[in-house]
Amino acid sequence: MRLCFSDGTSARVYRETRMGSGLAKDPCTLVVEFRLRLVRGPAHALFRTESLLNTPLFVGFPGFTSKLWLAHDECDRYRGVYEWDGQERAEHYARSLWRVLALVGVPGSIRYAVLPGLRRDAVIADAGPAEGLAPDDTAAWWRIKGTA
């Protein structure tokens, strides 16, 4: 599956990780975006393989239910689309992830949007209910407009 974003970019889903049913009682969708320093051309495939080693780091965070891993888009940006159980838990994870990504990411490229009350798959199917929920709602980088 390929996710298409409102900013005109798209990215292929290359992995899904779920804990239990993958459904949250208090659903919150989290979309994260970043660019990596020094990762170009064939190094993208190496990063996707290496990213499997990072899985234990985030599945241990309280509230994690599922993640779609997206390959780099046309601008070399990676995204993750998560479902968390609880907005506060999603925010805590995003702030923690930011610290780690800052070590390997292009300065200024790390962003996230928290969409409380929405299941990940519902946001993928119809981003309409997410309007106005993200802090940077004027930017379209996180808004999924469909699949291909």
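This short talk covers the cysteines, the aromatic rings and two charges over a ring. Keep in mind that the model is predicted.

Cysteines to begin with. How many disulfides are there? The count is 0. Now look at where two of the cysteines sit. Cys4 has 18% relative accessibility, so it counts as buried, because the cut-off is under 20%. Cys28 is buried too, with a relative accessible area of 0%.

On to the rings. A pair of aromatic rings is described by the distance of the centres and the angle of the planes. The count here is 8 aromatic pairs. Let's take one of them, Phe61 with Tyr93. Their centres lie 5.1 Å apart, and the planes meet at 85°. That makes the pair edge-to-face, because the angle is over 60 degrees.

Where do these two residues sit in the chain? Phe61 is in the loop between helix H2 (55–59) and strand S4 (64–70). Tyr93 belongs to helix H3, residues 87–104. They are 32 residues apart, so the pair links distant parts of the chain.

Buried or exposed? Tyr93 is buried, at a relative accessible area of 3%. Phe61 has 22% relative accessibility, so it counts as partly exposed.

Both rings belong to one aromatic cluster. Its members are Phe61, Phe64, Tyr82, Trp84 and Tyr93.

Last stop, Trp69. Which residues place a charge over this ring? Lys67 has its charged end over the ring, 3.5 Å from the centre. Arg15 lies over the face of Trp69 as well, at 4.8 Å from the ring centre.

Note on methods. Residues are numbered from 1 along each chain as its sequence is written. This is a predicted model: local features need pLDDT of at least 70, side-chain atom pairs count only at pLDDT 80 or more; totals for chains, interfaces and linings use all residues. Side-chain values use heavy atoms; hydrogens and water are left out. A disulfide is a pair of cysteine sulfur atoms within 2.5 Å. Buried means under 20% relative accessible area, exposed over 50%, partly exposed in between (1.4 Å probe, protein chains only). Rings of Phe, Tyr and Trp (its six-membered ring) pair if their centres lie within 6.5 Å; planes under 30 degrees apart count as stacked, over 60 as edge-to-face and the rest as tilted. Helices (H or I, at least four residues) and strands (E, at least two) are DSSP runs, numbered from the N terminus. A charge sits over a ring if NZ of Lys or CZ of Arg is within 6 Å of the ring centre and within 35 degrees of the ring normal.
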